[in-house]
Amino acid sequence: MEKIVLKNVSKIYMIDEKPFYALKKVNFEIKKQEIIVVLGPSGSGKTTLLNLISGLDRVSEGNLYYDDVDITKFNDAKLTKHRQKKSGFIFQNYNLLEYLTVYQNVLVGSNVAQEKVDVSEIIKVVGMTKHQHKYMHQLSGGEQQRVSIARAIAKNPEVLFCDEPTGALDETTGKNVLDKLVDINQKMQTTIVLVTHNPGIAKIGDRIIKMNSGEITEVIKNKRIKPQDIEWA
Ligand SMILES: Nc1ncnc2c1ncn2[C@@H]1O[C@H](COP(=O)(O)OP(=O)(O)OP(=O)(O)O)[C@@H](O)[C@H]1O
Ligand SMILES: [Mg+2]
């Protein structure tokens, strides 16, 4: 994948029989290996945008191209296959498998990876080695978030979608996680689309897109700074 192109992408929900635009005619282009950071207030459409680009959800209007292929034309089976092949996710609400341990959850990610990855090493990076045989209900929110990050990294996807990946983490763990994301971005040419509320974190990106009320209000070119050097807000 060399680029992703959004053309007049809208997401419309019917609220009290009136259309509500969660996203309104968004135009944007993402190049391979870019780190795109999405900033915006709660309800501005960040998660909606991520879900559309990744193929988790469908656009109401507009087109979405991976290279020259319009994925809005795919049927459900084809879209699922596309997503499994290309996209990795770190969800805002973790979406972990409750009946599996930490190790097994990360293993699920690695099972769909194109290349073999070292599950134990990834668990170590997120600082979860001593918890690796615990089940999800035995973990704190931040620990679950780290499992979700490890699982996404283990999949080694072409595009990694991260929705507030460090929202529940302390500064040290958060910066280590961001370091790992930047590291795979460089080593594996992984494209990263990352949502955050933290303006400090935005500085790790190549471009920062600001959203408000379902629209992109500003696109800022940024010179990346290292995660360890960001100001943690
Ligand atoms: N299934 C749905 N039905 C109706 N409205 C929805 C639905 N999903 C999202 N919305 C609305 O769309 C808007 C954008 O939601 P979205 O989840 O993308 O916001 P967000 O920017 O990710 O916010 P946050 O920072 O709180 O996660 C919100 O006003 C939300 O209420
Ligand atoms: Mg959200």
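Visitor: Let's start with aspartate 57: at a relative accessible area of 27%, how does this residue count?

Guide: Happy to, keeping in mind that this is a predicted model. Buried would need under 20% and exposed over 50%. The relative accessible area of aspartate 57 is 27%, so this residue is partly exposed.

Visitor: Which residue forms a salt bridge with aspartate 57?

Guide: The closest N and O atoms of this pair are 3.3 Å apart, and a salt bridge needs them within 4 Å. Aspartate 57 sits in the loop between α1 and β4, and its partner, 46 residues away, is in strand β1. That partner is lysine 11.

Visitor: Is lysine 11 buried or exposed?

Guide: The cut-off for buried is under 20% relative accessible area. Lysine 11 has 9%, so it is buried.

Visitor: How far apart in sequence are arginine 207 and glutamate 34?

Guide: These two form a salt bridge, with their closest N and O atoms 2.8 Å apart. Arginine 207 belongs to strand β9 (residues 207–212), while glutamate 34 is in the loop between β2 and β3. The pair thus links distant parts of the chain, and the separation is 173 residues.

Visitor: And glutamate 34, is that residue buried or exposed?

Guide: Its partner arginine 207 is buried at 13%. Glutamate 34 has a relative accessible area of 10%, so glutamate 34 is also under the 20% limit. Glutamate 34 is therefore buried.

Visitor: Which residue pairs with lysine 86 in a salt bridge?

Guide: The closest N and O atoms of the pair are 3.3 Å apart. Lysine 86 is in helix α2 and its partner in the loop between α5 and β7, so the bridge ties together parts 72 residues apart in sequence. Lysine 86 counts as buried at 17%, whereas the partner, at 26%, counts as partly exposed. That partner is glutamate 158.

Visitor: How many salt bridges are there in the count?

Guide: The charged side chains number 33 positive and 28 negative. Among the residues joined by salt bridges are Lys180, Asp183 and Lys187, which are linked in a network. With a nitrogen-to-oxygen limit of 4 Å, the count comes to nine.

Visitor: What is the radius of gyration of the protein?

Guide: The fold has seven helices and ten strands. For 233 residues the globule rule gives 17 Å, and the protein comes close to that, so it is as compact as a globular protein of that length. Its radius of gyration is 17 Å.

Technical notes. Residues numbered from 1 in each chain as written. Chains lettered and ligands numbered in written order. Predicted model: local features only at pLDDT ≥ 70, side-chain atom pairs only at ≥ 80, totals over all residues. Heavy atoms only, no water. Helix = DSSP H or I, 4+ residues; strand = E, 2+ residues; numbered from the N terminus. Rg over C-alpha atoms; globule rule 2.2 N^0.38 Å. Lys, Arg positive; Asp, Glu negative; His and termini not counted. Charge placed at Lys NZ, Arg CZ, Asp CG, Glu CD. Salt bridge = Lys/Arg side-chain N within 4 Å of Asp/Glu carboxyl O. Buried < 20%, exposed > 50% of the residue type's maximum accessible area, 1.4 Å probe, protein only.
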